[in-house]
Structures are given as C-alpha cells and as structure tokens.
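Colleague: I would like to learn how to read a helical model feature by feature. Where do we start?

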Amino acid sequence: MNGFKKVEENLEKWVLIISLIAMTLIIFVQVVLRWFGRSLVWAEELARYIMLYQVWIGAAYAVREDAHIRITAIIGKLKGAPRKRFDIVVLTIWLVFSLWLTAEGFVLVNKIADMNQVSSAMQIPMTIPYASVPVGGGLMTIRLIQKLVLTLKTGKNGDGAEGKLSAKEGEVA
C-alpha cells in the first residue's frame, strides 16, 4: 500500500519531469543534427505530442498542487461554513467540467480512430496524441474528487492558504 501512495502522490510530477527531459533531449539532438546538415524526420512531431501530454497531465498536477490561477476577491473574505460551501460549489462545477472534458475527449479519440488517421512523420495512430485529452481530464477528475472529499471532511480544500492536498485521507499538510 505504501508503494501505491508514493505513486499516487508523485505520478504526475515524475511523468512531467521525465517527459520534459525527453523532449529537451530530442529537440537538442534535432538542433545539433541540423547544424551538421542532417535532421530527424520524427523529432519535432514527437516533441509536439510529448508537449500535449505535458499540458494535460500538468493541468492535473496543478489541481493537486493548487497552482491554477484563480480570482480570490470574494473567496478571500469568506471564513468558516460560507467558505466551505463556496469551495464545494466551485469544486463541484470544476469536477463537472472535468468529467465533461474527459467524456468528450473519449468521443474525440473514437472519431479519430474511426478515420484510421496516422501522423505524417512517425506514422503512429493519431489516437495517441488525441488521447492526451481524456488522460489529462481523467487525472484532473481524480484530483478534483480528492479535493472535494477533503473539503467535505475537513472544510479545507488544500488551497494555498490552508495547505496542499495530501495523499493521506483528510490530511492537510
């Protein structure tokens, strides 16, 4: 179980770190090879697809780390029960949007699959880059559910003023 918690706490972070290193190396090699009059046909395409996954997985990681931009003029003035109710409403709306995004992402991937479209340079199914939408949306949905449960249990949603979302149930760091 301890291994599961480590994966759950760090999944997005490590995927983002590894993919950033990979993308940087791919682009670096491409630039160096171009300097010598050669190039890798697939390098820019792969870097673009890695970046797609980084954006969507990064959105889920930002939920976990409470790093999304928000306007706090109203919420900053609320305390206690009104703040908790407001947080629950906001998280519920966000969760509904995330569920919709994930579902529509699957619809999009299925439409692309029906077309049997492949990428121009790597000749991989275009469902692979398009799958970044439901993958990121699904991860974001999981993180939003965690925040909603934490808010319902403790009244704190893990925002910057009250601590980060912890993998331990009901714990605020």
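Modeller: With one residue and its neighbours. This is a predicted model. Leaving out residues up to four places away in sequence, Ser-19 touches Ile-50 and Gln-54.

Colleague: Where is the place of Ser-19?

Modeller: In helix α1, which covers residues 2-35.

Colleague: Is Ser-19 buried or exposed?

Modeller: Check the relative accessible area. Under 20% means buried. Ser-19 has 14%, so Ser-19 is buried.

Colleague: Which backbone oxygen does the side chain of Ser-19 reach?

Modeller: That of Val-15, at 2.9 Å.

Colleague: Let me step back to the whole chain. How many helices and strands does the protein chain have?

Modeller: There are 5 helices and 0 strands. Along the sequence the pattern reads α-α-α-α-α. The protein chain has 173 residues, and 35% of them count as buried.

Colleague: What do the contacts say about sequence separation?

Modeller: Take the contacts with a separation of 6 or more. Residues 24 or more positions apart account for 65% of them. Here is one pair distant in sequence: Ala-103 and Gly-137 are 34 residues apart, yet their C-alpha atoms are 8.5 Å apart in space. Ala-103 lies in helix α3. At 41% relative accessibility, Ala-103 counts as partly exposed.

Colleague: How do I check the length of helix α3?

Modeller: Compare the expected span with the distance between the ends. Helix α3 runs over residues 80-115, 36 residues in total. At 1.5 Å a residue it should span 52 Å. The end C-alpha atoms are 52 Å apart, so the two values agree.

Colleague: What happens just after α3?

Modeller: Asn-116 takes a positive phi there, about 55°.

Colleague: Which residues of α3 are buried?

Modeller: First the general idea. An α-helix has 3.6 residues a turn, so residues three or four places apart point the same way. Now the case. The buried residues of α3 include Arg-83, Asp-87, Leu-91 and Leu-95. Further along, Ser-98, Leu-101, Thr-102 and Gly-105 are also among them. Val-109 and Ile-112 belong to the buried set too.

Colleague: What covers the buried residues of α3?

Modeller: The cover includes α2 (43-65), α4 (127-130) and α5 (132-154).

Colleague: Now the nonpolar interior. What is the general idea?

Modeller: In soluble globular proteins, nonpolar side chains tend to be buried together. Here, the largest nonpolar core has 13 residues. Met-140 and Leu-144 have the most contacts inside this core. Helices α2, α3 and α5 each supply at least two of its residues. The largest share, 5 residues, comes from α5.

Colleague: What does Leu-144 touch, not counting residues up to four places away in sequence?

Modeller: Val-63, Leu-91, Trp-94, Leu-95 and Ser-98. Apart from the largest core lies another core, of 5 residues. Among them are Met-23, Ile-26, Ala-43 and Ile-50.

Colleague: On to charges. How many salt bridges does a search of the whole structure find?

Modeller: The search finds 7. Read each one by its distance, its burial and its place in the sequence. Lys-147 and Asp-66 meet at 2.7 Å, N to O. Lys-147 lies in helix α5, and Asp-66 in the loop between α2 and α3, so the pair ties together parts 81 residues apart in sequence.

Colleague: Are Lys-147 and Asp-66 buried or exposed?

Modeller: Lys-147 is buried, at a relative accessible area of 1%. Asp-66 also counts as buried, at 15%.

Colleague: What about a salt bridge within one helix?

Modeller: Take Arg-83 and Asp-87, with closest N and O atoms 3.1 Å apart. They are 4 residues apart in helix α3, so about one helical turn separates them. Both are buried.

Colleague: Which salt bridge does Arg-64 form?

Modeller: One with Glu-65, the closest N and O atoms being 3.3 Å apart. Arg-64 and Glu-65 are both buried. Salt bridges can also be linked: Glu-8, Glu-12 and Arg-143 form a network.

Colleague: Last item, the rings. How many aromatic pairs are there?

Modeller: The count is 2. One of these is Trp-35 with Phe-36, at 5.1 Å centre to centre and 75° between the planes. Planes over 60 degrees apart count as edge-to-face, so this pair is edge-to-face. Trp-35 and Phe-36 are both exposed.

Methods
Residues are numbered from 1 along each chain as its sequence is written. This is a predicted model: local features need pLDDT of at least 70, side-chain atom pairs count only at pLDDT 80 or more; totals for chains, interfaces and linings use all residues. Side-chain values use heavy atoms; hydrogens and water are left out. Buried means under 20% relative accessible area, exposed over 50%, partly exposed in between (1.4 Å probe, protein chains only). A polar contact is a pair of N or O atoms within 3.5 Å; within protein, one must be able to donate a hydrogen and the other to accept it, and residues adjacent in sequence count only if both atoms are side-chain atoms. Contact means heavy atoms within 4.5 Å. Rings of Phe, Tyr and Trp (its six-membered ring) pair if their centres lie within 6.5 Å; planes under 30 degrees apart count as stacked, over 60 as edge-to-face and the rest as tilted. The expected span of a helix is 1.5 Å times one less than its number of residues. A nonpolar core is a set of buried Ala, Val, Leu, Ile, Met, Phe, Trp, Tyr and Cys residues joined through side-chain atoms within 4.5 Å. A salt bridge is a side-chain nitrogen of Lys or Arg within 4 Å of a carboxyl oxygen of Asp or Glu.
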